[in-house]
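Reader: I am new to this structure. Please take me through the terms used for it and show how each one is earned.

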Amino acid sequence: MVSRVRSLALEGISGYEVGVECDLARGLPGFEIVGLPGAAVREARDRVRSAVKNAGFRFPEGRITVNLAPADRRKDGTVYDLPISVGLLHACGQITGDLGSCAFLGELSLSGRLRPVRGVLPMALAARALGLAALYVPKENAPEATLAEGLTVYPVEELGQLADHLCGRSAIAPAPAWTPEASEVPMPDFADVKGQEQVKRAAEIAAAGGHHLLLVGPPGSGKSMIARRIPSILPEMTRAEALEVTQLLSVAGQLRPERPLAAQRPFRAPHHTVSAPALAGGGSQLRPGEISLAHHGVLFLDELPEFARETLEVLRQPLEDGTVQISRVAGTVTYPSRFMLVCAMNPCKCGWYGYDAGRCRCSASEVRRYLGRLSGPLLDRIDLQVEVPALDFEALSRRQPGEPSAAIRARVERARDRQRRRYGPDGPDCNAHMGQRELREYCALDEAGSAVLRGAYERLGLTARSYDRVLRVARTIADLAGEERVGALHLAEAIGYRTAKALSV
């Protein structure tokens, strides 16, 4: 007898249906799983056999063949334990009823209890898109699955409980839709930052337009302190953005069970020893890397020249496209990676070149070698390059706090609101993502503005890419000022953020 149970699988952050076909035939005892199973799927044979017996069921005798369809796509993970066990028990008559309108996923312990799995939200969204009526998941994953909405989610604790429900002996109550609690998670505040008004202005512009930011300055000048406070001035995520971030965290196995929906924009700060695959993503199961986990948030790279050059070069394509494609032997997946890049660096190895000649121990050749670790194409993709000077004693000893993040965030929100109204629901979500059509329509220059930009183009040796990025930053400066057109003053300020002297050795 053949029984078919519906389940789901992941490809990137998209789910697709997998049919678990269980065939019981006479012959010598055997248990085979086909359909390109990975190592964890093949090991399901032993987990399922023990779980079925220890849950009080009779394990079917004879030859068992389980096919995971479509058979030409690789299956990984432990998500198929539950559908395989349900299929076997249904094939031998120990579970009855129609299973065609529901799907199952979950890992089984040897005692028959269910353990949580990763990637439940994207699979639940796929189940809703397929028109399924119900989804059976481990109890710990149920709040996450309810975020898909329009789908009845049943939290399952153990195999026997599920069998009683399917056979009509004892019903499982559907999981209620998860709703976030009204609790504010504290973040570092810009009120702690003393002085550095120009740098805080650059951070505000970057947040208002979603631009990339590079901070260059000596040790202790506040570069990292400012960078770690940028999330506190970013606008709140929309529900669509929160769901995308949650899906990535779920696929990566980093979602917190007590808070299944991401509430804040991500802030990822990998150490400079991170490898290229860890940054871009990959591994045997092609999981997302740091640049995807920073989607709709901030990727902070401190001590930028200390990163391996080949590691930094993987950023170039995602910075342009907002996606990263990972190709390995296991397959090819594409993850979203629309992040805001914030970098910090010293001007030289000792950190004092150009700021305190008496303290700098580096020769000109050593400085050039240090800065040479950063490629021109990568720097060209960073919109704002700002110097962070060392603070004097008067600024440090000042007692009154600086401007709080709430006040800066209010201005950022107003600027983002202007951008949303300008571009509409089908356009770019912020100025940094404007295409050529938007640049022509919303960044048209008058004669004075054209003269300013022409002079900068010839004097600074701007590229076509940096020309566009100056226009995008100028558009954000105009939005912060509440002005409809980009003027010469907006362009002059935007150009000033691409002339850091510490990078022109």
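Author: Start with helix H3 of this predicted model. Its residues Asp-81, Leu-82, Pro-83, Ile-84, Ser-85, Val-86, Gly-87, Leu-88, Leu-89, His-90 and Ala-91 are buried.

Reader: What makes H3 largely enclosed by the rest of the structure?

Author: A residue counts as buried under 20% relative accessible area. In H3, residues 81-91, 11 of the 11 residues are buried, so the helix is largely enclosed by the rest of the structure. Gly-93 follows H3, and its phi is positive, near 85°.

Reader: How much of the protein is buried?

Author: Buried residues make up 53% of the 505 residues. The protein has 21 helices and 18 strands. Its C-alpha trace spans about 85 × 45 × 45 Å along the principal axes.

Reader: Why are E11 and E18 said to stand at the edges of their sheet?

Author: Look at the strand order first. The open sheet has five strands, ordered E11-E14-E17-E10-E18, with parallel pairing. E11 and strand E18 (384-387) each have a single partner strand, so one side of each is left without a neighbour in the sheet.

Reader: How do you know that E11 and E14 pair?

Author: Pairing needs at least two bridges between the strands. Strand E11, residues 267-268, is joined to E14 by two bridges, and the two run parallel. Therefore they meet the cut-off. Arg-268 has Leu-299 of E14 as its bridge partner.

Reader: What joins E17 to E14, and what joins E17 to E10?

Author: Four bridges join E14 to strand E17, residues 340-345, and these strands run parallel. Leu-299 stands opposite Leu-341 in E17. Four bridges also join strand E10, residues 213-216, to E17, again in parallel. There, Leu-215 stands opposite Ala-344 in E17.

Reader: Which way do the residues of E14 point?

Author: Val-298 and Phe-300 point one way from E14, residues 298-301. Leu-299 and Leu-301 point the other way. All are buried.

Reader: Why is the pair of Tyr-423 and Tyr-442 called edge-to-face?

Author: Two values settle that. Rings pair if their centres lie within 6.5 Å, and planes over 60 degrees apart count as edge-to-face. The centres of Tyr-423 and Tyr-442 are 5.5 Å apart and the planes are at 75°, so the pair is edge-to-face. The pair links distant parts of the chain, 19 residues apart: Tyr-423 lies in helix H17 (residues 405-423) and Tyr-442 in helix H18 (residues 436-442).

Reader: Are these two residues buried or partly exposed?

Author: Tyr-423 has 10% relative accessibility, so it counts as buried. Tyr-442 has 21%, so it counts as partly exposed. The cut-off for buried is under 20%.

Reader: How many aromatic pairs does the whole structure have?

Author: The search finds six. Ring pairs also link Phe-104, Tyr-136 and Tyr-154 into a cluster.

Reader: How do you know that Cys-102 is in no disulfide?

Author: A disulfide needs two cysteine sulfur atoms within 2.5 Å. The nearest cysteine sulfur to Cys-102 is that of Cys-167, 12 Å away. Therefore Cys-102 does not meet the cut-off. Cys-430 is in no disulfide either, with the sulfur of Cys-443 nearest at 13 Å. The count for the structure comes to zero disulfides.

Reader: What makes Cys-102 buried, and what of Cys-430?

Author: Buried means under 20% relative accessible area. Cys-102 has 6%, so it is buried. Cys-430 has 2% and counts as buried too.

Reader: What makes the enclosed space of about 150 Å³ a cavity?

Author: In a cavity, a 1.4 Å probe fits but cannot get out. The structure has one cavity of 30 Å³ or more. Its space is about 150 Å³. It is lined by 13 residues, and the closest to its centre are Gly-210, Arg-265, His-296, Arg-338 and Arg-416. The lining divides into four nonpolar, four polar and five charged residues.

Reader: Which residues lie closest to the centre of the largest pocket?

Author: The largest pocket has a volume of about 570 Å³. Of its 29 lining residues, Leu-10, Glu-11, Arg-74, Asp-76 and Gln-285 are the closest to the centre. Strand E1 (2-11) and strand E16 (331-336) are the elements that give two or more residues to this lining. The lining divides into 14 nonpolar, seven polar and eight charged residues.

Note on methods. Residues numbered from 1 in each chain as written. Predicted model: local features only at pLDDT ≥ 70, side-chain atom pairs only at ≥ 80, totals over all residues. Heavy atoms only, no water. 1 Å grid on protein atoms, 1.4 Å probe; cavity = no way out; pocket = protein on both sides within 12 Å on 5 of 7 lines; lining within 4 Å. Points joined across faces, edges and corners; volume = space filled by probe spheres on them. Nonpolar A, V, L, I, M, F, W, Y, C, P; charged D, E, K, R; others polar. Buried < 20%, exposed > 50% of the residue type's maximum accessible area, 1.4 Å probe, protein only. Phe/Tyr/Trp six-rings, centres within 6.5 Å; stacked < 30°, edge-to-face > 60°.
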